[in-house]
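Let's take a friendly walk through part of a protein model, going from one helix to the next. Keep the picture at hand as you read.

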Amino acid sequence: MIEERAREAGRLIGQSREYQELKRANDALGQDQSAVALLKQMEELRGQAQRLIAKGERPSAEMERQLDELLQKVQVQSAYQRLIAAQENFDKLMQRVNDWIMEGIEKGAASPIIMLG
């Protein structure tokens, strides 16, 4: 029974306005070649920085400057801004879902009636 209800909740979340907007925003970002190129550059630099840190070294000031510059360029991209807003809205929905689940758990734990199945 729990599995069925969880799958139903997942289906409903997948149909929610928040999830659909997140999906559209993610697709739109993927189509924005400029934003994708900037994000790829950022990921490459982050990877280099992480490898340096893993070896106990500190990324250079130039590397940090490049990362900051790329981040600033990415953040002004409208497709990126739309994705961030959509992600925040979806996160809020998921937080409410989690709160509702916790309410249900608390009520279920306090209930003297045990339901099997």
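Just past the end of helix α3, glycine 56 has a positive phi of about 85 degrees. Keep in mind that this model is predicted.

Now step back into α3 itself, which covers residues 33-54. How far apart are its end C-alpha atoms? They are 31 Å apart, and this agrees with the 32 Å that 22 residues should span at 1.5 Å a residue. At the start of α3, aspartate 32 places a side-chain oxygen within 3.1 Å of the backbone nitrogen of serine 34.

Which residues of α3 are buried? They are Ala35, Leu38, Met42, Leu45, Gly47, Ala49 and Leu52. These buried residues pack against α2 and against α4, residues 61-75. A general point helps when you look at such a list: an α-helix has 3.6 residues a turn, so residues three or four places apart point the same way.

Next, look at how α2 meets α3. Two packed helices are described by the angle between their axes and the distance between the axes. For α2 and α3, the angle is about 85 degrees and the axes lie 5 Å apart. Angles of 65 to 115 degrees count as roughly perpendicular, and α2 and α3 are therefore roughly perpendicular to each other. On the α2 side, the contact is made by Leu29, Gly30 and Gln31, while α3 brings Gln33, Ala35, Val36 and Leu39. Sorted by class, this contact of α2 with α3 has four nonpolar residues, three polar ones and no charged ones.

Two residues from the earlier helices can be set side by side:

| Residue | Helix | Relative accessibility | Class |
|---|---|---|---|
| Glutamine 15 | α1 (residues 2-15) | 51% | exposed |
| Glutamate 18 | α2 (residues 17-31) | 12% | buried |

Why do these two get their labels? Glutamine 15 counts as exposed because its relative accessibility is 51%, and exposed means over 50%. Glutamate 18 is buried because its relative accessible area is 12%, and buried means under 20%.

What does glutamate 18 touch? Leaving out residues up to four places away in sequence, glutamate 18 touches Asn89, Phe90, Leu93 and Arg96. Its side chain also makes a polar contact of 3.2 Å with the side chain of arginine 17.

Finally, return to glutamine 15 and compare it with alanine 85: they are 70 residues apart in sequence, and their C-alpha atoms are 18 Å apart in space.

Methods. Residues are numbered from 1 along each chain as its sequence is written. This is a predicted model: local features need pLDDT of at least 70, side-chain atom pairs count only at pLDDT 80 or more; totals for chains, interfaces and linings use all residues. Side-chain values use heavy atoms; hydrogens and water are left out. Helices (H or I, at least four residues) and strands (E, at least two) are DSSP runs, numbered from the N terminus. Buried means under 20% relative accessible area, exposed over 50%, partly exposed in between (1.4 Å probe, protein chains only). A polar contact is a pair of N or O atoms within 3.5 Å; within protein, one must be able to donate a hydrogen and the other to accept it, and residues adjacent in sequence count only if both atoms are side-chain atoms. Contact means heavy atoms within 4.5 Å. Axes are lines fitted to C-alpha atoms, for helices over the stretch in contact, and angles run from 0 to 180 degrees between N-to-C directions. Angles under 35 degrees count as roughly parallel, over 145 as roughly antiparallel, 65 to 115 as roughly perpendicular and the rest as oblique. Ala, Val, Leu, Ile, Met, Phe, Trp, Tyr, Cys and Pro count as nonpolar, Asp, Glu, Lys and Arg as charged, and the others, Gly among them, as polar. The expected span of a helix is 1.5 Å times one less than its number of residues.
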